[in-house]
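Reader: I should like to learn how one reads the contact between two domains of a protein chain. Could you guide me through an example?

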Amino acid sequence: MFHDRKILYSGMQATGNLTIGNYLGALKNWNSLNEEYDCLFGVMDLHSLTVRQNPAEFRQRARSLYTLYVASGLDPEKNCIYFQSHVSGHAELAWILDCFTYMGELNRMTQFKDKSAKHADNINAGLYTYPVLMAADILLYQSDVVPVGVDQKQHLEITRDIAGRFNGIYGDVFTIPEPYIGRQGAHVMSLQNPEKKMSKSDENPNASVYLLDDTDTIIRKFKRAVTDSDTQVRYAPEEKPGISNLIEIYAAAENKTFEEVEKEFEGKGYGDFKLAVGEAVASMLKPMQEKYKELSKEKSYIDSRIKENDEKAQYMADKTLRKVQKKVGLTERIR
Ligand code: TRP
């Protein structure tokens, strides 16, 4: 591992419970990436601290996210799956990169504006420099490609800008990462408001289907999904956002095209269709849920993988960090 192949980096925040949006939009597609790339997938727990967390719940959720990565099929012996907070280089590089990032740039980040509006009582400096920590995550491993959704594109762009600026001063220190342009995941919208992305932190539990929801819950949520008053199962995101979202989910779960789905439900009502989507999603999640249950009992297996991968990540990160420290003129360690 980690020789001549290109490096791919991604991760998710350990905030909230993963939804089928995270699965169909990202996780499912991460599974095949390691055929072509050396992959690192982080549990981004430092990023989660920008929002106040209950420590015991947070710790449990981060571990659960790690287990879900593995349960979804990512092999922790072929992919470096690790906790961001276990590799000290993330925070150390982030500080150095902070000094190469302009406030003007950070002021333009749309996610910062959105999140500050949402958490008006806790607009902390971490929320502001969030993109710099993300740049550090990516640059620390000399990543070549990063699969990110539309909402993270701007963060990848600032990462490229920071890396380019640094390289301009000190020579080729960082690999400039590219967005991953392979098969893109599905865009899953909220079941209660199909104009909005399905989110792990939605306050309405009926808006999102969580990866660990049981079959009855899943079916109930799809039955209640907001749709239009028409009866035709037809993909038309502007005109029929609710039904189009269900078509997108069903197509992704069953590996079908939108046209195939339309044909399958021609002449059938929304009730039949919603039930079919619920059943398809439940059976898609079943193997992962079973694996998750099994893995949750195998504490020492997961512990060993965490330890191994932490060390691997730490080794790679240290290499970049030492180089950066030397380039900017920090005093070298005496051995
Ligand atoms: N900000 C990302 C999100 O909320 C998570 C993340 C943190 C990430 N660091 C990253 C994703 C580095 C890709 C690469 O989805």
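Author: Certainly. Please keep in mind that this is a predicted model. One begins with the division of the chain: here domain 1 comprises 7-180 + 299-328, and domain 2 comprises 215-294. Their C-alpha centres lie 32 Å apart.

Reader: How many residues does each domain bring to the contact?

Author: Domain 1 contributes 10 residues and domain 2 contributes 11 residues, where contact means heavy atoms within 4.5 Å.

Reader: What area is buried between domain 1 and domain 2, and what share of that area do carbon and sulfur atoms give?

Author: About 900 Å² is buried between the two domains, and carbon and sulfur atoms account for 77% of this area. On the side of domain 1, Ile 20, Leu 24 and Ala 71 together supply 49% of the area buried against domain 2, more than any other three residues.

Reader: How many salt bridges and how many residue pairs in polar contact are counted between the domains?

Author: The count of salt bridges between domain 1 and domain 2 is 0. For polar contacts, the count is 3 residue pairs, with both residues at pLDDT 80 or more.

Reader: Which elements of domain 1 give two or more residues to the side that touches domain 2?

Author: These are helix H1 (20-30) and helix H3 (55-71). H3 gives the most, with 5 residues.

Reader: What classes of residue make up that side of domain 1?

Author: The side of domain 1 that touches domain 2 has 6 nonpolar, 3 polar and 1 charged residues.

How values were computed:
Residues numbered from 1 in each chain as written. Predicted model: local features only at pLDDT ≥ 70, side-chain atom pairs only at ≥ 80, totals over all residues. Heavy atoms only, no water. Domains from an automatic or database assignment. Buried area = accessible area lost by both parts, 1.4 Å probe. Salt bridge = Lys/Arg side-chain N within 4 Å of Asp/Glu carboxyl O. Polar contact = N/O pair within 3.5 Å; in protein donor to acceptor, adjacent residues only side chain to side chain. Helix = DSSP H or I, 4+ residues; strand = E, 2+ residues; numbered from the N terminus. Nonpolar A, V, L, I, M, F, W, Y, C, P; charged D, E, K, R; others polar.
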